[in-house]
Every structure is written in C-alpha cells, then in structure tokens.
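Work through the exercises below with the structure open beside you. Try each task before reading its solution.

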Amino acid sequence: MHFNRYSLLHFSLRQKSVAIFILLVTLPSLLIGNVILSRYDAILRQQFIDSMEKNLNTIELNLSEKIKAVEDLSDYMIYQENFRSFMETPTTPSNMQQMNKDQTAIEGFIAFQIMSKRYIKSISLQGVGGNQLQMGEPVVGQEQPWTDLAQANKGAVVWTDSYKLESGWRGGKRVVSMFRVINSFDNPSRPVGEVIVRLDESEFTDLLNAAVPQDQGSIFIVRPGGEVLLHPNESLIGHPYPSDALLKDLKARPINKVASLTEAGTSYIVFSQPMKSTGWSIVAMIKDQAIVQKTDAIKASLKFLILVILIFGLLALIGFELAMIRPMLELSRQTSRLKKGDFSAQVKVRTRDEVGELGRQFNNMVMTIKELIDKKYKLEIRQKESELRILQSQMDPHFLYNTLDMIRWTARLEKAVETSQLIETLSRFFRMGQNSGKRYTTMPEELDFVRDYLNLQQKRMGSKLKFTLYMESTLNQAVILKKIIQPLVENSIKHGFTRGGGRIDVRCYIDGPDVLIEVIDSGAGFAKEKLEVLYRVLQKQTGDESVMNHAICNIHERILLEYGSGYGIELPSEPSRDRTCVRIRFPYQMNEQEGIR
C-alpha cells in the first residue's frame, strides 16, 4: 500500500484534533505514566530491600547480644569460685555450711540475671559432686541428647534447636537453650559440672515476626550445615531445609546478597543475614506479591493522576470541538451549499472571537453575491425576453409564400366562398400569432392557434395530412406560453413528413402538478446522430451550433428561463420506429385574470 506523506493534510479538522489528542496527550501520558510506574516500582522495591536488610541486621545484633550475654554468663561460671566449689564439693554434713554459702551466692547471682535478662527463663546447674540447682521457670522435658552433645564437645558451647518442654507455670512451651560443660579452672580437661540456660523461643520469634509477618512470607534460622534451628513450621526444625537451591545459594553467595527463589509455585525474594558469633544465618523469604501490595496504594494514586490528566485532556478536546471545530465545520457546510447555488446559506454566529467574525464576514459575502447575481440575472432575463420577442415577430417566408400560392390557385378553380374562408383563417392565424405585448395565453386559445395552422396546411396537402387535438377539460383555464406548440407541429410537417404525408396528434393533459403536451407524428423521426446532439443540448452538456436554432432548443430555452430547471422539452429515450414524440412539461397555473400578461 502506497502511503502519501501529505495524506495526513487531507484529514478533517475533527480527525486532526483527535489524532493530536491521541499522539500528543494520550500516548505521552500513558508512556510517561508507565515509565514513572516502572521506575517508582523499582525504587520502592529497592527501598523495601534496603529496609529489610537493615531490619535483619538489627535482628542479628539483638540476637547476637543475647547469645553473647548467655555465653559470657557461662564463662563467668568457669572462673567464679562459688560456682566451681558448688559443683565440685560433695554433699556431706561437713560440707553443708560451705554448700549453703555457695548456693546462696549462686542463687543471688542467677536471680539477678533472670530478672535483668527477661529472655532467660531458667538456669540449671549440675555438679559432678551430685549438687543440683534450678532457678527460674520450672521445666521438665527430654534434654538428654543435648547433654550428650555438650559432653562430647568438652566445654564448647552448644546451642540447641527449638524444642518443647513442660512448664510448671504455663504448660507446654518451646525454648532455645545453651548447654555447656564447666571444666575445672585448674585442670581445663576435667569437667566439674554442667550448665543449662534456657531462652524463651518467643523472644526469638517475636523479634523475627516483627520484621516479616506470616502473611508476607517466613523468617527462620538455619545452622551452617543447613539444618533448621528455628522455623514457624515445627516439622522442619532439626532437619536440613528442604530446598536444595536455597541451601546451595546460601553457601555460594556473599554476605547480604539478595536472591530470588520459586517454591511451591510462589516467587520469593530471599534475604540472609549471617550471625558471626554462632555461624547461624537468619533467612527471610518475602513473597513478591507482598512487595507489590506495599506499592499498590502509591501506584493507584499515580494511575488516578494519569487518569485525571487524560480526563482534562479530553475536556480540552471537547472545548476545542465546541469553540473551533464545530463552527469551522458549519462554515464548511454552508460554503458547500453556496457552491451548489443555494444562496440561503447562513452561518449561525454565537461568539465574538475570530471564528465568529469569520462567520459574520461569510454571511455578508453571501448577501453581496446574491444581490449581484440577482441584478445580473434580471438583466439577462430582460435581454432574453427581448430576443424572444424578435423571434416571435418573425414569420416564415416559405410558409407565407406557399399559403398565398394555394389561395391563388383555389380562387381560380372555385368560387369566392372558399377563398374567403381561407383568407379569414389566415387572417385569424396572423392575428393570434401577434404578441400584443403578452407572453402568455390560455390553453384553448393556443390550441385554436394550432388548429388554424393545421387547417391551412390541410388545405394545401389535402388528405395527406390528418390531425387530432386533444385537451383535458381541467385545462380550460390553464396558462401557457404563447407559440410553443405550433413550432413543433410545423417542424413535424417540414422535416418529418415525406411526400406521402402523415398524421399529427397533439395531446394535452395533467401529470400531477405539471402540464404535459405531447406532439406525436408519423413522420421519419430524428436521425440517431441528431437525436444524440439534441439530448446533450437539452441537458446543457454542449452548445452545438447545428441545432441551437432548432425549434425544440428555442422552446426548451424559453420554458427553462420562465420556470427553471426540471421543465422544458423531453425526448423519449427509446423512440418508436413509426412514431415520433416530443413532450413539453411546465407547471400547472390557473388564469386568475381576464387579461393574460
């Protein structure tokens, strides 16, 4: 398809304005809005990531602080004499005084620690001498595996996974505990007892859940080997995390790197924060949808702003349509009417701006053109009427000579009676043919004029000429232009008949609001070439001089000048071989005055 670069210039004003609105308002607004939304989404996403990293760092600091405080507590027990003495001294009557003294000191220290560090729920001491001490919340549960692991580590700190105990105060609860074997200060390879410091799991989970609510994802703690230490799903605790991709990514990535992960058909952003003191990793898995929801409100505000911009742009387009385009289209329509000759075209002026002034100037121009055309038209009408009067006053010498010759021979052969009748008929014909300053006559008078002419011709041609004249009775008072039938009848006799004569029928009748007069003869008819020329002349398609003075053309022009387009001579589109018809059409008018103008 060939595209013309100038084809856009041919669009209408309305099409151009809509195109401008779409190209310069709608598309830029949508494009810029989309860019802003995408960019803002990226900014908010990055802000969320930065905020989450800060939260994880804060969580790590808090947990590390608690863990270090617990480990420092166990270190103090190694170096403090009361703890070593309590755990090493056998329970005998002789040692009771020292045992009570050590226990009192230990209980005061432990009570202070539990009260100042609320995350510590209970502390248990077990000495090799059989002495035991438990302070804080009383708990009972299966802890032997962790005791065995602590003994195997020979004094190293052992932190447990989250596990369940039965509390004497609150029933079942979950804790994270530190188990540690206390070795002799003098001989570090010799154990003297064991300490268990139990921390309430909620101290961990509350801190974690504050950063990642459960509806947005999950946050948990894993050991360096990938085993889960703390997780909302208790069935995962103590086992490697089931996602190999996550574990592999945790081992391979640098510190604080953010990664993406798809698990069970849900997309997550994975954050990790290592705990240097323990080697654990705090892992947060945030649903992508949760991040999107955090930006939905702002996105909705931006979309609403874009919508408002588009609405104001549309209102501007409507205002431009009402103020500019419609008046210009109205001016264009009225100009088209003027082009077709309708001088009633007028533009409704509603404003006083430049567009309104253009409409007023157009209206003034139409009035001026109409006045000039009216003056010119009237001058041309007067000139045509003058020319027609000259044509009507001319007589056909050939007809006059033939008639006089016929009268002369009749006078010789017959008595004066018939000659007298012929002369009387001729006189009446001349008298009726005179204009006397009038262009109109009645239908009966016009047919009388045609009848006299045919009677004279019949005297000349004898039985070779036959004719009939028919008129509807309703046409008795109809007004008709003078001498528009007789020239057609004369034309049939002069050009249509052969030596054998012929027949002429004149029929006058009403056809709706019009009067039709048909002149039908049995002559030779029109040659095909001449008929085509007459068609073009009558339809104003040509001005062929060979037929311009033809009776048909003259009568057609007279009727057209008098009554306007739609009236005049009509020729049958498919003429009969043995009959030729010429039809006259003009509007029906009654004779309202005695004197015909």
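## Exercise 1: A helix crossing

H2 passes H3 in a left-handed crossing. This is a predicted model. Describe how helix H2 packs on helix H3, and say which residues make the contact.

**Solution.**
- Step 1. Locate the helices: H2 covers residues 81-88, and H3 covers residues 96-116.
- Step 2. Recall what to look for. Two packed helices are described by the angle between their axes and the distance between the axes.
- Step 3. Read both values. The axes of H2 and H3 are 9 Å apart, and the angle is about 130 degrees.
- Step 4. Classify the angle. Angles of 65 to 115 degrees count as roughly perpendicular, and those over 145 as roughly antiparallel. H2 and H3 are therefore oblique to each other.
- Step 5. List the contact residues. H2 contributes Asn 82, Phe 83, Ser 85 and Phe 86. H3 contributes Gln 98, Met 99, Asp 102, Gln 103, Ala 105, Ile 106 and Phe 109.
- Step 6. Sort them by class. The contact of H2 with H3 has 6 nonpolar, 4 polar and 1 charged residues.

## Exercise 2: A second helix pair

Find how helix H13 and helix H15 are oriented, and name the residues that meet.

**Solution.**
- Step 1. Find H13 at residues 528-538 and H15 at residues 551-563.
- Step 2. Take the geometry. The two axes come within 11 Å and cross at roughly 15 degrees.
- Step 3. Apply the cut-off: angles under 35 degrees count as roughly parallel. H13 and H15 therefore run roughly parallel to each other.
- Step 4. Add the hand. H13 and H15 cross in a right-handed way.
- Step 5. Name the partners. Leu 534, Val 537 and Leu 538 of H13 meet Ile 552, Cys 553 and His 556 of H15.
- Step 6. Count by class. This contact has 5 nonpolar residues, 1 polar residue and no charged residues.

## Exercise 3: A hairpin

How many bridges join strand S10 to strand S11, and which residue in the hairpin takes a positive phi?

**Solution.**
- Step 1. Place S10 at residues 259-263 and S11 at residues 266-274.
- Step 2. Count the bridges. There are 5, and the strands run antiparallel.
- Step 3. Check one pair: Ala 259 is opposite Val 270 in S11.
- Step 4. Inspect the turn. The hairpin has 2 residues between the strands, and Ala 264 has a positive phi near 55 degrees.

## Exercise 4: Annotated spans

Which residues does UniProt list as "transmembrane region", and what is their secondary structure?

**Solution.**
- Step 1. Consult the record. The unreviewed UniProt entry lists residues 18-37 and 304-325.
- Step 2. Take residues 18-37. The span is 100% helix and 0% strand, with end C-alpha atoms 26 Å apart.
- Step 3. Take residues 304-325. Here the chain is 100% helix and 0% strand, and the end C-alpha atoms lie 29 Å apart.

Note on methods. Residues are numbered from 1 along each chain as its sequence is written. This is a predicted model: local features need pLDDT of at least 70, side-chain atom pairs count only at pLDDT 80 or more; totals for chains, interfaces and linings use all residues. Side-chain values use heavy atoms; hydrogens and water are left out. UniProt positions are given in the numbering used here, feature names are shortened, and annotations may be inferred rather than shown by experiment. Helices (H or I, at least four residues) and strands (E, at least two) are DSSP runs, numbered from the N terminus. Axes are lines fitted to C-alpha atoms, for helices over the stretch in contact, and angles run from 0 to 180 degrees between N-to-C directions. A crossing is left-handed if the near helix is turned anticlockwise from the far one by less than a right angle, and right-handed if clockwise. Contact means heavy atoms within 4.5 Å. Ala, Val, Leu, Ile, Met, Phe, Trp, Tyr, Cys and Pro count as nonpolar, Asp, Glu, Lys and Arg as charged, and the others, Gly among them, as polar. Two strands pair if DSSP finds at least two bridges between them.
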